[in-house]
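Keep the sequence and the 3D view side by side. We will go from the overall layout to the strand pairs, and end with the cysteines.

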Amino acid sequence: MTGTSLQDEPLLSICLGGNRKQYAAGDELICEYQIDAIDTSDMQAVEASVLWITEGKGEEDLGVHYFERRLPADAEDGDLRPLRRFKIYLPNSPLTYDGAILRIRWCVRLRLFARRGKEYVLEYPFTLGSVPAVPVDPASAAADDDE
């Protein structure tokens with residue numbers, strides 16, 4: 001599976017190994033990412049992370065399972081654009097969840113920090129675990145909408 005930004009420039013791409021979007025706890029996740037259509041002198045840093053995000057009622061929360069930040073000084077010839085690969089093992093929790101009040105989603109996030117303060121982000125979602133969605137009671141959903 002590949003996720004690619006639709007912006008004119010720069011081009012950010014993420015590819016998960018094995019064309020998978022569904023993982024179990026403890027599975028190995030292999031990710032490749034690449035940046036193109038930007039001059040190396042315009043790049044300040046690249047961050048890649050694997051994280052979960054909560055959405056719904058209450059405050060949103062975020063947990064980072066994997067993170068790497070690369071600067072031009074970290075790369076051969078100072079070029080952060082070439083294909084980069086990392087491999088991690090996914091945790092036991094939290095599992096992806098799509099409930100009526102709370103939603104937990106997982107993604108690989110690629111952030112490019114360009115000169116002059118510009119930032120570009122690409123997220124590639126995937127599912128961790130197989131928690132069935134909770135059916136929504138129409139009466140309680142209507143009551144929630146009135147609040």
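The paragraphs below walk through the fold, its pairings and its cysteines.

This is a predicted model, in which local features need pLDDT of at least 70, side-chain atom pairs count only at pLDDT 80 or more, and totals for chains, interfaces and linings use all residues. Residues are numbered from 1 along each chain as its sequence is written, and side-chain values use heavy atoms, with hydrogens and water left out.

Start with the layout. The protein has 10 strands and one helix. Both are DSSP runs numbered from the N terminus: helices are H or I with at least four residues, strands are E with at least two. The order from the N terminus is β-β-β-β-β-β-β-β-β-β-α. Take the contacts with a separation of 6 or more: 62% of them in the protein join residues 24 or more positions apart. A contact means heavy atoms within 4.5 Å.

Next, the surface. About 8,600 Å² is exposed by the protein, and carbon and sulfur atoms supply 49% of that. The areas come from the Shrake-Rupley method with a 1.4 Å probe; for residues, only the protein chains shown count as cover. Of the 147 residues, 37% count as buried. Buried means under 20% relative accessible area, exposed over 50%, and partly exposed in between (1.4 Å probe, protein chains only).

Now the pairings. Two strands pair if DSSP finds at least two bridges between them. Strand E4 (residues 28–36) runs antiparallel to E2 (residues 11–16), with six bridges. There, Ser13 stands opposite Gln34. E4 also pairs with E7 (residues 84–89), again antiparallel and over six bridges. In that pair Leu29 faces Ile88.

Move to E10 (residues 119–128). Its side chains alternate: Tyr120, Leu122, Tyr124, Phe126 and Leu128 point to one face and are buried. Glu119, Val121, Glu123, Pro125 and Thr127 point to the other face and are not buried. E9 (residues 102–114) joins E10 antiparallel through eight bridges, and Arg111 has Val121 as its bridge partner. E9 and E10 form a hairpin with four residues between them; in the turn, Arg116 has a positive phi of about 65°. E3 (residues 22–23) runs parallel to E10, with two bridges. Gln22 stands opposite Thr127.

Last, the cysteines. How many disulfides does a search of the whole structure find? Zero. A disulfide is a pair of cysteine sulfur atoms within 2.5 Å. Cys15 has no such bond because the closest cysteine sulfur, in Cys31, is 7.8 Å from its own, too far for one. Cys15 is partly exposed, at 26% relative accessible area. Cys107 is buried, at 0% relative accessibility.
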